[in-house]
Amino acid sequence: MGASARLLRAVIMGAPGSGKGTVSSRITKHFELKHLSSGDLLRDNILRGTGFPRTLPQAEALDRNYQIDTVINLNVPFEVIKQRLTARWIHPASGRVYNMEFNPPKTVGIDDLTGEPLIQREDDRPETVVKRLKAYETETEPVLKYYQKKGVLETFSGTETNKIWPYVYAFLQTRVPQVNQKASVTP
């Protein structure tokens, strides 16, 4: 067969805010992976950021159509995710985004340029975040168990994507040809 690259069918799982988007984009940057799309449902879920497969019936349906080679599970403590997600505040008029950890406003709760109050999106409010995380846990626990039984689940735990990434990278290196040889473990 020679030049044709082997297809790796990987699913990335993790709670909202666990770093799935960052890890996905790094994987496509560092490895020769084709994007597997199982139709509109998958695309729609990716667009809305809701994730697939999220429930056991979805995982089983995916399995009937494709053989999943590996499931990468990003296991980040809920407290860390909650802190990460609730740190975001916005200036509604301009759309300027502040993050209390990475780029806080000069004065808490106030836009740097206009002096107007900042708001928190409904999705970023602590009570909403907790609800979303609990729903994720309830829905996906059976999915993770399902993949664990099949022997394809690889769990990577940590509090920061930059600390988890080298392990994901090293694992994938054993499975996939690399494109970008100079891009080693660094993000």
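**Exercise 1. Describe the backbone over residues 88-123, and find what the UniProt record says about this stretch.**

Solution. Start with secondary structure: residues 88-123 are 0% helix and 22% strand. Next, look at the two ends of the stretch, whose C-alpha atoms sit 10 Å apart. Keep in mind that you're looking at a predicted model. Finally, check the record: an unreviewed UniProt entry annotates residues 88-123 as "domain: Adenylate kinase active site lid".

**Exercise 2. Work out the strand order of the open sheet and say which strands stand at the edges.**

Solution. Step one is the order: three strands line up as S1-S2-S5, with parallel pairing. Step two is to count partners. S1 (10-14) and S5 each have a single partner strand, so one side of each has no neighbour in the sheet, and these are the edge strands. Step three is the twist: on average, neighbouring strands here are turned by 20° against each other, direction ignored.

Now zoom in on one pairing. S2 (residues 70-75) and S5 run parallel and share five bridges. Across that pairing, leucine 74 has phenylalanine 156 of S5 as its bridge partner. To finish, add the helix: H1 (residues 20-30) lies across S1 and S2, and runs at about 155° to S1.

**Exercise 3. How many aromatic pairs does the whole structure hold, and what is the geometry of the one between phenylalanine 156 and phenylalanine 171?**

Solution. A search of the whole structure turns up three aromatic pairs. For phenylalanine 156 and phenylalanine 171, the ring centres are 5.9 Å apart and the planes meet at 55°. Stacked would need planes under 30 degrees apart and edge-to-face over 60, so this pair is tilted.

Then place the two rings. Phenylalanine 156 belongs to strand S5 (residues 153-157) and phenylalanine 171 to helix H6 (residues 161-173), so the pair ties together parts 15 residues apart in sequence.

Last, check burial, where the cut-off is under 20% relative accessible area. Phenylalanine 156 comes in at 9%, so it counts as buried. Phenylalanine 171 has 12%, so it is buried too.

**Exercise 4. Classify the pair formed by tryptophan 165 and tyrosine 169, and decide whether these residues are buried or exposed.**

Solution. Take the geometry first: the ring centres of tryptophan 165 and tyrosine 169 are 5.8 Å apart with planes at 55°, so the pair is tilted. Then the location: both residues lie in helix H6, four residues apart, which is about one turn of the helix. As for burial, tryptophan 165 and tyrosine 169 are both buried.

Technical notes
Residues are numbered from 1 along each chain as its sequence is written. This is a predicted model: local features need pLDDT of at least 70, side-chain atom pairs count only at pLDDT 80 or more; totals for chains, interfaces and linings use all residues. Side-chain values use heavy atoms; hydrogens and water are left out. Rings of Phe, Tyr and Trp (its six-membered ring) pair if their centres lie within 6.5 Å; planes under 30 degrees apart count as stacked, over 60 as edge-to-face and the rest as tilted. Buried means under 20% relative accessible area, exposed over 50%, partly exposed in between (1.4 Å probe, protein chains only). UniProt positions are given in the numbering used here, feature names are shortened, and annotations may be inferred rather than shown by experiment. Two strands pair if DSSP finds at least two bridges between them. Axes are lines fitted to C-alpha atoms, for helices over the stretch in contact, and angles run from 0 to 180 degrees between N-to-C directions. Contact means heavy atoms within 4.5 Å.
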